[in-house]
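Here is a guided walk through a structure that may be new to you. Take it one stop at a time, and keep the view open as you read.

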Amino acid sequence: MRHIISILLENEAGALSRVAGLFSARAYNIESLTVAPTEDPSLSRMTIVTSGSDDVLEQITKQLNKLVDVVKVVDLSEAAHIERELMLIKVRATGKDREEMKRMADIFRGRIIDVTESTYVIELTGASSKLDAFIEALDHGLILETVRTGVCGIGRGDRILKV
Amino acid sequence: MHITGAEIVIRCLQEEKVEHVFGYPGGAVLHLYDALFQQDQVKHILVRHEQAAVHAADAYSRCSQKVGVALVTSGPGATNAVTGIATAYMDSIPLVIISGQVPTAAIGLDAFQEVDTVGITRPCVKHNFLVKDVRDIADTIKKAFYLARTGRPGPVLVDIPKDISAQSADFEYPKTVQMRSYNPIVKGHLGQIRKAAQLLLEAKRPMIYVGGGVILSDAATKLTALAKRLGFPVTQTLMGLGSFPASDAQNLGMLGMHGTYEANMAMQHCDVLLAVGARFDDRVIGNPGHFSQVPRKIVHIDIDPSSISKRVKVDVPIVGNVPDVLDELVKILDEQDKAGAKADPAVAEWWKTIAEWRARDCMSYKANGPAIMPQSVIQALHQVTGGDAFVTSDVGQHQMWAAQYYKFDKPRRWINSGGLGTMGVGLPYAMGVSFAHPGATVACVTGEASIQMNIQELSTCKQFRLPIKVVNLNNRYLGMVRQWQEMFHGSRYSESYMDSLPDFVKLAEAYGHVGLRVERPEDLMPAMELAFSDKHKNDFVFLDVLTDQTANVFPMIAAGKGLSEMILAEDL
């Protein structure tokens with residue numbers, strides 16, 4: 001089962017490596033990891049996408065809570081939440097493909113944010129599955145480069161992760 | 001008043017009432033050693049290898065209620081300390097390790113004796129710090145002691161760059177610690193404790209399973225009182241020995257891979273299990289699938305939520321400090337008592353079944369030949385020391401025999417490396433105990449292989465005139481490796497023979513100690529008595545006992561097997 005874990009942690013040197021080290025040392029899976037400071041600069045918010053059985057997830061949350069730098073942990077996927085990921089994708093855009101690329105970007109509500117004679121950079125935001133679908137929809141021979149931020153997520157409504 | 005960072009460190013140790021620091025100097029900690037030199041409140045114990053410094057600090061803590069402190073230099077000083085830190089981490093021992101680091105300006109430039117100490121130790125400490133500002137030293141050390149001793153205890157490392165220890169700042173030791181991210185739970189959930197009490201009273205085949213957490217939280221007296229009141233059988237893990245008197249009739253002894261037949265059978269077949277400060281590890285319950293085949297209700301008291309339902313699903317988890325939870329549990333049992341609730345009479349039947357298991361007499365052993373049986377050495381040690389010594393051990397067969405045959409009636413008397421299984425701890429452990437309890441009887445049960453892993457400490461023992469008694473079970477084999485090779489690898493004894501051994505008697509004498517050698521069973525008791533006699537009261541005695549080369553540790557549960565699948569000596 002795929003889970004999205006949100007973590008509030010002290011914005012200290014080495015905090016990231018404590019979390020990353022925990023996952024590798026205990027053979028937990030990381031699909032993606034993003035981290036950045038919050039509105040309170042002493043705190044960082046990290047989002048980890050992982051997968052595992054209920055038992056493994058229980059251990060992951062307990063082990064994360066044990067880290068001294070970790071302030072709070074929630075499994076976002078336990079209840080209503082929103083997830084988003086940003087992708088920048090550079091594609092070949094020449095001849096008939098140029099028009100096709102523009103159309104595809106429009107269909108997926110992407111934006112072209114860099115244009116040269118032969119390439120576009122398309123910015124696309126959404127759930128990971130949407131980004132996957134966009135990549136699937138393109139002719140792979142035309143993809144020059146992709147970069148994805150990894151998932152960040154937030155609980156819906158009154159679900160608030162704060163100190 | 002401004003004082004240097006190094007002076008701040010020493011002042012912090014004084015504030016924490018630290019009496020002994022185990023360490024080894026080097027370039028990055030010269031300022032610290034200079035500050036140590038100029039005071040006499042904190043005594044420094046110079047070891048011969050940093051690993052031994054951490055082991056000694058570790059044992060110092062295990063046998064007392066204090067936080068152990070070690071001091072090492074950067075680079076190799078820190079890497080040598082890692083085995084000691086990992087050993088303490090696996091057994092949840094509160095330590096503060098202070099390491100020197102290259103000057104901040106040199107960090108990351110591959111400076112002489114530079115290593116990423118915080119990075120290397122991260123997976124084997126409870127927490128660690130790199131101090132980047134002299135004004136942070138006091139606060140950081142305060143936090144380090146607080147983290148080490150609260151919650152589930154563990155080692156905490158503070159890495160201090162050389163320039164930081166040279167700079168000056170005002171000193172004020174913080175009185176309290178506030179950490180929003182660290183709030184260990186002390187009190188257990190009352191509803192859960194009520195459920196536990198109910199289960200205990202309804203139990204027909206109850207069992208109490210006690211781990212090292214009871215010793216670490218100084219809950220042995222409370223645990224013993226609870227067990228006596230309930231009248232239930234008690235078993236201990238390797239780390240829990242001494243938490244309930246071995247000589248008590250309710251004690252079934254140690255359980256697990258080399259546990260007693262009765263303890264393992266009772267553990268497997270009980271219907272209500274009270275687990276206290278233990279973690280169901282692989283050496284204790286063997287195969288978790290096999291263990292779960294028998295339905296039983298499990299109550300688990302532990303301060304670390306991640307220890308609960310890690311390998312075995314439990315029914316009533318209680319997160320909290322063991323003595324606090326036991327207090328609440330006793331209160332609830334008192335209420336139940338007043339209401340007339342009694343333990344189920346079926347428990348008497350359960351004791352009859354246990355008596356049958358006990359009748360197997362799984363600890364009996366026969367002599368294999370004319371050589372001294374290793375088990376008899378531990379029995380002799382127990383007899384001569386009246387069962388009241390501090391016993392440290394290394395790792396291997398001798399460790400298991402010491403655990404099985406030295407009957408510990410008190411907590412904090414049995415000092416060994418349970419989780420990490422670190423060969424070489426025995427001698428430095430005995431040193432740590434000797435400093436914590438001057439004048440106490442300290443025996444180090446070891447083997448000819450383990451003792452050589454930190455043999456250099458004979459020199460430290462000489463310097464500080466430590467009256468340790470080493471009991472070397474010398475079978476000229478890596479005994480436990482040999483045993484597994486015999487049982488599971490077709491007797492192909494790959495690299496498990498210890499050839500070219502030193503003459504341990506002469507070696508001891510070379511360091512100014514007393515060396516004794518015993519080769520025949522009839523000489524064992526007199527030699528043991530001599531070693532522990534008043535004549536050698538103040539001497540370090542190395543008792544080299546040549547033991548039977550083929551003796552194996554029984555009972556035994558093979559790796560991956562279940563608790564009721566023991567191999568007994570009589571089966572062979």
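**A walk through two chains**

Three bridges join strand E10 of chain B, residues 234–236, to strand E11(B), and the two run parallel. One of the pairings to look for is that of Gln236(B), whose bridge partner in E11(B) is Met254(B). Before going further, please keep in mind that this is a predicted model.

Now let us widen the view. E10(B) and E11(B) belong to an open sheet of six strands in chain B, paired in parallel and arranged in the order E11-E10-E9-E12-E13-E14. Which strands stand at the edges? They are E11 (251–254) and E14 (316–319) of chain B, and because each has a single partner strand, one side of each is left without a neighbour in the sheet. From one strand to the next, the twist averages 15°.

Two helices can be found against this sheet. Helix H10 of chain B, residues 220–230, lies across strands E9 (206–210), E10 and E12 (272–276) of chain B, and runs at about 170° to E9(B). Helix H11 of chain B, which spans residues 261–269, lies across E9, E10, E11 and E12 of chain B, with an angle of about 105° to E11(B).

Next, look at the nonpolar interior. The largest nonpolar core has 66 residues, and those with the most contacts inside it are Tyr209(B), Met267(B), Leu273(B), Phe280(B), Phe291(B) and Met528(B). What does Met528(B) touch, not counting residues up to four places away in sequence? Its contacts are Val377(B), Ala380(B), Leu381(B), Val384(B), Val471(B) and Leu543(B). Another core, of 47 residues, lies apart from the 66-residue one, and among its members are Ile85(B), Cys124(B), Tyr429(B) and Ile468(B).

Tyr429(B) leads us to another stop, Arg62(B). Arg62(B) sits in helix H3 of chain B, residues 50–62. Is Arg62(B) buried or exposed? Its relative accessibility is 6%, so Arg62(B) counts as buried, the cut-off being under 20%. The side chain of Arg62(B) makes a polar contact with the side chain of Tyr429(B), at 2.9 Å. Setting aside neighbours within four places in sequence, Arg62(B) is in contact with several residues, including Thr87(B), Asp91(B), Met239(B), Arg412(B) and Asn416(B).

A further residue to find in chain B is His398(B), in helix H17 (residues 397–405). His398(B) has a relative accessible area of 6% and is therefore buried. The side chain of His398(B) reaches the backbone nitrogen of Val395(B) at 3.4 Å. Neighbours within four places in sequence aside, the contacts of His398(B) are Ser393(B), Val445(B), Thr446(B), Gly447(B), Ser450(B) and Leu473(B).

Let us move over to chain A. Chain A has four helices and nine strands, which follow the pattern β-α-β-β-α-β-β-α-β-β-α-β-β along the sequence. The C-alpha atoms of chain A fill a box of roughly 55 × 35 × 35 Å, taken along the principal axes. Of the 163 residues in chain A, 42% are buried. If you consider the contacts in chain A with a separation of 6 or more, 73% of them are between residues 24 or more positions apart.

Residues 4–78 of chain A carry the annotation "domain: ACT" in an unreviewed UniProt entry. Over residues 4–78 the chain is 32% helix and 37% strand, and the end C-alpha atoms are 9 Å apart. Within chain A, strands E2 (residues 32–37) and E3 (residues 43–51) pair in the antiparallel sense over six bridges. These two strands, E2(A) and E3(A), form a hairpin with five residues between them. To trace one of the pairings, start at Pro37(A), whose bridge partner in E3(A) is Ser44(A).

Our final stop is Lys72(A), which has its place in strand E4 of chain A, residues 70–75. Lys72(A) is partly exposed, with a relative accessible area of 35%. Where does the side chain of Lys72(A) reach? It comes to the backbone oxygen of Lys162(A), at 2.7 Å. Lys72(A) and Val163(A) are 91 residues apart along the chain, and their C-alpha atoms are separated by 7.5 Å. Not counting residues up to four places away in sequence, Lys72(A) touches Ser6(A), Ile7(A), Leu8(A), Leu161(A), Lys162(A) and Val163(A).

Definitions and conventions. Residues numbered from 1 in each chain as written. Chains lettered and ligands numbered in written order. Predicted model: local features only at pLDDT ≥ 70, side-chain atom pairs only at ≥ 80, totals over all residues. Heavy atoms only, no water. Pairing = 2+ DSSP bridges. Axes fitted to C-alpha atoms, helices over the stretch in contact; angles between N-to-C directions. Contact = heavy atoms within 4.5 Å. Core = buried A, V, L, I, M, F, W, Y, C linked by side-chain atoms within 4.5 Å. Buried < 20%, exposed > 50% of the residue type's maximum accessible area, 1.4 Å probe, protein only. Polar contact = N/O pair within 3.5 Å; in protein donor to acceptor, adjacent residues only side chain to side chain. UniProt positions renumbered as here; feature names shortened; annotations may be inferred.
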